[in-house]
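Here is a friendly walk through a protein model, meant for someone seeing it for the first time. Have a look at the picture, then read on.

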Amino acid sequence: MIKVRSNNSLRYHVYHIVTLFYPAGKIEYLDEADLSEADIVVTVEEEVLTVRFFATLTVHDYPDRNLNIMRRVLFKLLEIKTEKHLPWGILIGIRPSKIVRELIEKNQTKEEITAFLQKEYLADREKIELAYEVALKESDLLKKVDTEHSVDIYIGMPFCPSRCLYCSFASNVYRGNQYKDEYLKLLKMEMMQIRDYIDDKELKINNVYFGGGTPTAVSEDEFEEMMQCIDDCFVRGRNLLEFTVEAGRVDSITKEKLLSMKRHHTTRISINPQTMNDDTLRLIGRNHDHQKVVEIFHLARSLGFDNINMDMILGLPEESLQDVERTIEAVRDLSPESITVHGLALKRASRLYEDFLMEKKYALPRQDEMNLMYQKTDEMARSLGQKPYYMYRQKNMVGNLENVGYAKEGMENLYNMVMIEEVKTIIAVGADGVTKKVKDGVIERFANFKGLNDYTERFQEMMEKKMKFLME
């Protein structure tokens with residue numbers, strides 16, 4: 001157990017640097033007034049920073065109480081002690097590509113930007129170059145998007161065949177769910193009310209994203225009803241840029257559901273293996289093997305889908321570099337148009353978080369393995385003619401790395417890029433959906449009820465508040 005103490009005002013910031021190197025379950029954070037022995041003590045008096053780190057004591061100037069000074073000092077000490085190399089340095093939970101894009105807009109050169117991020121955040125040149133490449137692509141893609149007189153639409157299906165070990169989303173097992181029928185009825189009602197609002201305001205729709213959960217978790221007839229309603233409300237006759245259906249789990253995809261997507265003008269689908277290793281699939285709660293992924297992918301191809309995304313998760317429990325290399329080769333053989341690479345995030349609402357922190361059931365990859373997993377995945381995506389076009393990072397990611405989308409030219413998912421960059425209004429429909437209203441750079445949010453009980457039982461109350469929010 002690592003004992004840590006600091007000024008209470010620094011507690012949040014110190015804690016997040018320490019958790020880059022040690023699991024949260026192995027850190028005991030002492031109150032400022034607790035003078036018992038601690039391994040790491042960080043204190044600030046006026047403009048002087050003092051760090052007692054195990055057996056060493058260092059004192060630093062702390063002008064303007066610049067938190068990055070403290071973060072860099074502590075990061076370097078922890079990096080030496082643990083022998084872990086974290087390529088993003090002290091950047092935590094923010095969008096590096098947005099920082100880079102803003103610096104480009106201020107006419108800074110690539111070398112100036114690189115030097116700044118290396119000095120300020122201790123980021124590796126390789127990661128800065130990735131952020132720079134993404135920033136340039138984002139700037140190019142944003143030219144296609146009407147950010148002033150249009151909205152994007154997100155529809156959420158909060159059901160899955162089973163709940164994955166790492167999942168923290170609004171996801172409920174579909175079979176036997178007592179709220180299913182009422183939820184599907186109200187989801188269609190919400191879509192129709194939002195359609196009426198959009199038509200009344202004469203807004204355009206650029207992109208529609210049907211996600212979850214797993215949209216295909218429901219029956220074939222129920223899925224067709226949902227697709228028909230989405231098509232009628234948001235797609236047909238609106239000259240969209242794209243309509244994505246996150247088909248997701250192959251244990252819920254059938255030929256009839258794929259044909260339904262085709263009938264209703266879907267332009268892009270996701271078939272998400274996460275891993276192509278059968279042992280891991282069973283461990284994380286998937287009801288299929290890797291061969292089913294291959295089968296469904298080829299079925300989609302045979303039905304004419306020419307823009308298919310595949311998701312991979314790096315850092316899954318019990319997976320080694322060799323396991324990830326097998327997934328990489330399997331995905332390379334299928335040759336999708338885009339690949340989204342996620343780093344495993346230990347979310348508090350997931351079973352994995354509880355099992356890992358409380359019971360320590362699973363082994364996660366070492367930092368050096370994680371760095372190589374990302375490197376090899378990047379090489380694979382580029383070998384398929386794909387380039388990175390959006391990127392974001394989360395707290396509590398294994399290896400403190402990134403989520404990045406790769407795509408062939410013209411096959412990028414504009415919705416994801418716009419959603420992450422928060423440059424335009426997105427109206428979210430369904431349980432746990434968060435509508436973001438963007439005007440003159442100001443973002444306001446309205447959250448739908450997360451639980452199926454609240455969504456179904458308090459629907460009218462929610463919609464009255466939501467429509468007032470949109471109209472203001």
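Let's start with Ser97. Leaving out residues up to four places away in sequence, Ser97 touches Ala131, Val134, Ala135, Glu138, Met391 and Glu421. Keep in mind as you read that this is a predicted model. Ser97 is found in helix H3, and with a relative accessibility of 0% this serine counts as buried. Along the chain, Ser97 and Tyr392 are 295 residues apart, but in space their C-alpha atoms are 7.9 Å apart.

**Two crossing helices**

Ser97 also takes part in a helix pair. Two packed helices are described by the angle between their axes and the distance between the axes. Here, the axes of H3 (residues 96-105) and H5 (residues 125-142) come within 8 Å and cross at roughly 70°. H3 and H5 are therefore roughly perpendicular to each other. On the H3 side, the contact is made by Pro96, Ser97, Val100, Arg101 and Ile104. H5 brings in residues including Ala131, Tyr132, Leu136 and Leu142. Sorted by class, the contact of H3 with H5 has 9 nonpolar, 2 polar and 2 charged residues.

**The sheet at the start of the chain**

Next up is an open sheet of 5 strands, in the order S2-S1-S3-S4-S5 and with mixed pairing. Which strands stand at the edges? They are S2 (27-30) and S5 (56-61), each with a single partner strand, so one side of each is left without a neighbour in the sheet. From one strand to the next, the twist averages 15°. S1 (residues 2-6) pairs with S2 in the parallel sense over 4 bridges, and Lys3 stands opposite Glu28 in S2.

Two helices lie across this sheet. H1 lies across S1, S2 and S3 (40-45), running at about 165° to S2. H2 (residues 67-82) lies across S3, S4 (48-53) and S5, running at about 15° to S4.

One residue of H1 (residues 11-18) to look for is His16. His16 is buried, with a relative accessible area of 15%. Not counting residues up to four places away in sequence, His16 touches Ile92 and Lys395.

**A strand tucked inside**

Now find S6 (residues 150-157). Of its 8 residues, 8 are buried, so S6 is largely enclosed by the rest of the structure. In a regular strand the side chains alternate between the two faces of the sheet. In S6, Ser150, Asp152, Tyr154 and Gly156 point one way, while Val151, Ile153, Ile155 and Met157 point the other way, and all are buried.

S6 has parallel partners in S9 (residues 204-212) and S16 (residues 426-429). This table sets out strand pairings from around the model, with a residue pair for each.

| Strands | Sense | Bridges | Residues opposite each other |
|---|---|---|---|
| S1 and S2 | parallel | 4 bridges | Lys3 and Glu28 |
| S6 and S9 | parallel | 7 bridges | Met157 and Gly212 |
| S6 and S16 | parallel | 4 bridges | Tyr154 and Ala428 |
| S17 and S18 | antiparallel | 6 bridges | Val434 and Ala447 |

The last row is a hairpin. S17 (residues 434-439) and S18 (residues 442-447) have 2 residues between them, and Asp440 takes a positive phi near 55°.

**The nonpolar cores**

Which residues touch the most other members of the largest nonpolar core? Of its 128 residues, they are Leu74, Ile153, Ile155, Met191, Phe210 and Phe234. Ile153 comes from S6. Leaving aside its neighbours within four places in sequence, Ile153 is in contact with Ile194, Ile198, Ile205, Asn207, Val208, Tyr209, Phe234, Tyr415 and Ile427. Apart from this core lies another, of 15 residues, among them Leu142, Val145, Val418 and Ala428. Two of these names have come up before: Leu142 is part of the contact between H3 and H5, and Ala428 stands opposite Tyr154.

**A loop residue to finish**

Last stop: Leu384, in the loop between H13 (367-383) and S14 (387-392). Is Leu384 buried or exposed? At 14% relative accessibility, Leu384 counts as buried, because the cut-off for that is under 20%. Leu384 touches Arg332, Ser335, Pro336, Ile339 and Lys408, not counting residues up to four places away in sequence. Pro336 is 48 residues from Leu384 along the chain, and their C-alpha atoms are separated by 8.3 Å.

Terms used
Residues numbered from 1 in each chain as written. Predicted model: local features only at pLDDT ≥ 70, side-chain atom pairs only at ≥ 80, totals over all residues. Heavy atoms only, no water. Axes fitted to C-alpha atoms, helices over the stretch in contact; angles between N-to-C directions. Parallel < 35°, antiparallel > 145°, perpendicular 65-115°, else oblique. Contact = heavy atoms within 4.5 Å. Nonpolar A, V, L, I, M, F, W, Y, C, P; charged D, E, K, R; others polar. Buried < 20%, exposed > 50% of the residue type's maximum accessible area, 1.4 Å probe, protein only. Core = buried A, V, L, I, M, F, W, Y, C linked by side-chain atoms within 4.5 Å. Pairing = 2+ DSSP bridges.
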